[in-house]
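Could you look through this model with me before you set anything up on it? I have put my remarks down as numbered points.

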Amino acid sequence: MSMGQEVRYRVRGGRPLNGTAFIQGAKNAVLPMIGAALLAAKGRTVLRNVPIIEDVRRALELAEHIGAKVEFHEAERTIVIDASQLNDPERAVLPADIAARFRGSVLFVPALMHRMGRARIEGVGGCNLGSRNLDFHYRGFARLGAEVSEDNERNHINVEAGNLKGGHLYLDTPSHTGTENLIMAAVLAPGTTVIEHVALEPEVLDVIEFLTRMGARIKGGGTGIITVEGVEELTAVEHTIMSDRIDAGVFAMMAAATGGDVSLVGAHLTHLGVARWKLEQMGVQFAQQGAVLHVHRDPAMALRPINAVTSPYPGFATDLQSPLMALATLAEGESYIHEAIYDGRFALADELNKMGAKIEVDGTRAIVHGPNALHGAEVVAHDLRTGAALVLGGLVAEGETVIAPGYLVDRGHAQFATRLAALGADVIREEPV
Ligand SMILES: CC(=O)N[C@H]1[C@@H](OP(=O)(O)OP(=O)(O)OC[C@H]2O[C@@H](n3ccc(=O)[nH]c3=O)[C@H](O)[C@@H]2O)O[C@H](CO)[C@@H](O)[C@@H]1O
Ligand SMILES: C=C(OP(=O)(O)O)C(=O)O
């Protein structure tokens with residue numbers, strides 16, 4: 001696609017962010033919850049506080065494709081899902097044209113296994129961040145009794161799952177979606193399943209809460225070891241999705257970059273983990289007042305440089321590494337960033353360098369030589385968070401920054417331009433005509 005035919009973000013820098021912004025519901029909680037809703041054979045699931053993002057639209061298309069009835073009431077930010085008709089094994093397919101557009105598609109596999117006895121995965125997408133294997137998922141399904149085979153010629157994965165039963169599972173590293181997927185595979189498998197070395201992310205706990213409300217028996221959320229007692233059926237229930245800590249982190253960093261003063265409705269400091277402390281060290285001031293997080297950065301004080309290493313929660317979130325890199329270009333001195341989750345998440349550095357930054361990358365380590373006066377440029381959003389980080393860069397750059405493809409930003413941030421404009425930023429989302 002050429003730049004003229006796609007959504008792009010156009011940002012003119014120089015205005016501090018001030019005012020109140022609403023933090024969206026969590027992308028990385030709603031996607032597993034849509035997968036979990038498909039486990040209920042009766043009734044209608046109601047999910048509230050749903051972010052209006054492209055990944056949710058793709059997930060709903062996928063749910064319809066396999067036979068669910070879905071309604072997305074956007075004004076109410078509510079999804080209603082009826083999965084009672086998920087019984088045609090011929091439809092147990094995740095087609096590449098939808099599934100390859102977002103990572104969360106892999107979270108549909110447990111529902112296909114339990115409801116239809118099989119699954120064929122023709123593609124799984126997600127941001128291109130280097131190698132992103134799914135071996136922990138498939139190995140776990142196999143230990144629960146599924147037969148997983150690879151069709152190398154077509155690049156498909158076939159899963160036969162007639163008789164799942166509880167088992168002892170583990171993850172090599174605490175994979176976020178891996179944890180959610182193995183829990184969902186276990187909740188309807190007869191017997192006890194123990195899963196060791198699981199993820200502790202707040203979204204995982206929200207998914208456990210949702211599944212528990214549906215009737216699942218899950219213990220140990222947040223401890224690193226989870227025990228699941230299989231139940232016979234799950235019921236459709238109502239749930240309000242937690243707020244998106246990455247969206248909150250991005251808005252906080254944008255306020256920091258511009259020397260602004262914002263109130264983030266729904267944001268929680270505790271969900272930021274180590275990112276909170278790193279931003280405080282840089283000179284950002286936080287105050288939690290109930291469900292509102294106040295963020296301030298004194299424009300008269302220079303931002304301090306920082307060292308950060310990404311790691312699973314509560315470590316510094318890899319999804320916040322990109323906006324941190326953009327913020328660090330403004331800090332007085334050298335910042336060191338080590339990306340320890342993904343081996344290819346530094347595509348942002350070259351784009352920021354086009355805007356006047358001085359960032360050196362060596363494998364999974366980067367040095368940001370600040371401070372730099374950024375200037376506008378035409379830049380490429382290689383992935384979702386690179387896109388958001390470039391919008392951050394644009395907010396402090398001299399002149400105009402044009403960021404494309406905007407689709408990647410729209411995958412994960414709802415009404416991004418509208419919310420930023422409400423804070424006083426000059427950001428426009430341009431649609432192709
Ligand atoms: C939809 C969703 O929730 N996406 C989030 C989720 O992605 P996702 O769940 O895909 O990330 P994981 O935690 O699984 O991946 C972390 C690391 O483990 C590796 N790995 C993972 C699974 C596996 O079977 N084999 C394997 O080797 C991956 O290649 C990666 O290097 O957590 C990431 C890490 O916080 C975030 O960046 C993503 O925003
Ligand atoms: C990497 C991300 O998402 P996904 O796992 O959906 O690609 C992200 O949210 O930054």
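The points below go from the whole chain to its domains, the two ligand shells and some annotated residues.

1. A word on conventions. This is a predicted model, in which local features need pLDDT of at least 70 and side-chain atom pairs count only at pLDDT 80 or more, while totals for chains, interfaces and linings use all residues. Residues are numbered from 1 along each chain as its sequence is written, with chains lettered from A and ligands numbered from 1 in the order in which they are written.

2. Overall form. The C-alpha trace of the protein chain spans about 65 × 45 × 45 Å along its principal axes. Its radius of gyration is 21 Å, which agrees with the value near 22 Å for a compact globule of 433 residues; this radius is taken over C-alpha atoms, and the globule rule is 2.2 Å times the number of residues to the power 0.38. Of the 433 residues, 53% count as buried, meaning that 20 or more other C-beta atoms lie within 10 Å of the residue's own (12 or fewer is exposed, in between is partly exposed, and C-beta atoms are placed from the backbone).

3. Secondary structure and contacts. You will find 14 helices and 24 strands in the protein chain, taken as DSSP runs numbered from the N terminus (helices are H or I with at least four residues, strands are E with at least two). Among contacts with a separation of 6 or more, 73% join residues 24 or more positions apart; a contact here means C-beta atoms, placed from the backbone, within 7 Å.

4. Two domains. The protein chain is divided into domain 1 (3–24 + 243–430) and domain 2 (27–240), with bounds that come from an automatic or database domain assignment. Their C-alpha centres lie 30 Å apart, and 20 residues of domain 1 are in contact with 17 residues of domain 2. The side of domain 1 that touches domain 2 has six nonpolar, seven polar and seven charged residues. In these classes, Ala, Val, Leu, Ile, Met, Phe, Trp, Tyr, Cys and Pro are nonpolar, Asp, Glu, Lys and Arg are charged, and the others, Gly among them, are polar.

5. Ligand 1. Which residues come nearest to ligand 1? Of the 20 around it, they are Asn28, Phe136, Ser175, His176 and Thr177, where a residue is near if its C-beta atom, placed from the backbone, lies within 6 Å. The shell has five nonpolar, eleven polar and four charged residues. Helix H1 (27–37), helix H5 (135–143) and helix H6 (176–187) each supply at least two of its residues, and each of the two domains gives at least three.

6. Ligand 2. The residues around ligand 2 are Phe102, Arg103, Gly104, Gly126, Cys127, Asp319, Leu384, Arg385 and Gly412. By class they are three nonpolar, three polar and three charged. Domain 1 and domain 2 each provide at least three residues of this shell.

7. Annotated pair in H1. The unreviewed UniProt entry has a "binding site" annotation covering Lys27 and Asn28; positions follow the numbering used here, feature names are shortened, and annotations may be inferred rather than shown by experiment. Lys27 is in helix H1 and is buried because it has 28 C-beta neighbours inside 10 Å. Leaving aside neighbours within four places in sequence, Lys27 is in contact with Pro51, Ile53, Asp55, Asp244 and Gly412. Asn28, also buried, has 24 such neighbours and, with the same exclusion, touches His176 and Glu203.

8. Further annotated positions. The unreviewed UniProt entry also places "binding site" at Arg103, Asp319 and Ile341. Arg103 is in the loop between helix H3 (96–99) and helix H4 (109–116) and is buried, with 23 other C-beta atoms within 10 Å. Not counting residues up to four places away in sequence, Arg103 touches Val124, Gly125, Gly126 and Thr177. Asp319 is in the loop between strand S18 (307–309) and helix H10 (321–328); Asp319 is buried, with 26 other C-beta atoms within 10 Å, and on that same count touches Ile246 and Arg385.

9. Helix H10. Is H10 enclosed or exposed? Eight of its eight residues are buried, so H10 is largely enclosed by the rest of the structure.

Notes. Two residues are in contact if their C-beta atoms, placed from the backbone, lie within 7 Å.
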